[in-house]
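Subject: Structure for your attention

Dear colleague,

Please find below the structure that I am handing over to you. My findings follow it, and I would be grateful if you would read them with the structure open.

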Amino acid sequence: MNAIEQLYEQHKQDVYRYLLSLTRNPVLSEDLLSETFISAIRSISRFRGESSIKTWLFTIARHKWLDHLRGNKSNASYNELFEQYADISVEANFLGTELEERIDQLLTEKDERARQIVKMRIEGFSYNEIANTLQMSESGARVVDFRTKQWLRVRLQEEGLI
């Protein structure tokens, strides 16, 4: 078995489960799994070993999923990204621009760091990427994100928007 086959066999289940947690769709997850490994094979020479190979594959998988969400559009709808981020369903009659404006209004009550973390998570950045960008610990980014997400969810529920 060559190295590429070993890489695939060793990590395919973990990457598939990760994609399934994002998509909640087994067929789509299979498709994205294939795309993930094709991209990984094409770019393996650029892997610098700054993270584990598994983390690198998960990053590629997340980007494939975000690319799928965006489809042929230049940007994914804010509703789609926010629903995935917050793991909620947004009322169909509450349009994306209105939702984005309301979330922005609510986030003005939070500090700048919390606002940046939420925006970066909605856009699909990993906690590691956020921590590096904002010069904080990864666990700190996770805590701030969790608390802010919970707060947002409660506020939007109170307003009957989710």
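A residue is called buried when its relative accessible area is under 20%, exposed when it is over 50%, and partly exposed in between. Lys12, with a relative accessible area of 23%, is therefore partly exposed. Please bear in mind throughout that this is a predicted model.

The overall fold

The protein chain contains eight helices and zero strands. Along the sequence, the pattern accordingly reads α-α-α-α-α-α-α-α. The chain has 162 residues, and 37% of them count as buried. Among contacts with a separation of 6 or more, 55% are made by residues 24 or more positions apart in the chain. About 9,700 Å² of the protein chain is exposed, and 47% of this area is supplied by carbon and sulfur atoms.

Salt bridges

Side chains of opposite charge can pair when their charged atoms come close. How many salt bridges does the structure hold? The number is 11, and three of these pairs are described here.

Lys12, introduced above, joins its side chain to that of Glu9 in a salt bridge, with 3.4 Å from N to O. Where do the two partners sit in relation to each other? They lie three residues apart in helix 1, which covers residues 3-23, so about one helical turn separates them. Glu9 is also partly exposed, at a relative accessible area of 44%.

Helix 1 also holds Arg17 and Asp14. The closest N and O atoms of this salt bridge are 2.6 Å apart. Because Arg17 and Asp14 are three residues apart in the helix, about one helical turn lies between them. Arg17 counts as partly exposed at 47% relative accessibility, and Asp14 is partly exposed at 21%.

The third pair belongs to helix 8, residues 138-158. There, Glu138 forms a salt bridge with Arg142, and their closest N and O atoms are 3.1 Å apart. The two residues are four positions apart in the helix, so they too are separated by about one helical turn. Glu138 has a relative accessible area of 33% and is partly exposed; Arg142, at 42%, is likewise partly exposed.

Which residues are joined into one network by salt bridges that share partners? They are Asp14, Arg17 and Lys54.

Yours sincerely,
A colleague

Definitions and conventions
Residues are numbered from 1 along each chain as its sequence is written. This is a predicted model: local features need pLDDT of at least 70, side-chain atom pairs count only at pLDDT 80 or more; totals for chains, interfaces and linings use all residues. Side-chain values use heavy atoms; hydrogens and water are left out. Buried means under 20% relative accessible area, exposed over 50%, partly exposed in between (1.4 Å probe, protein chains only). Contact means heavy atoms within 4.5 Å. Accessible areas come from the Shrake-Rupley method with a 1.4 Å probe; for residues, only the protein chains shown count as cover. A salt bridge is a side-chain nitrogen of Lys or Arg within 4 Å of a carboxyl oxygen of Asp or Glu.
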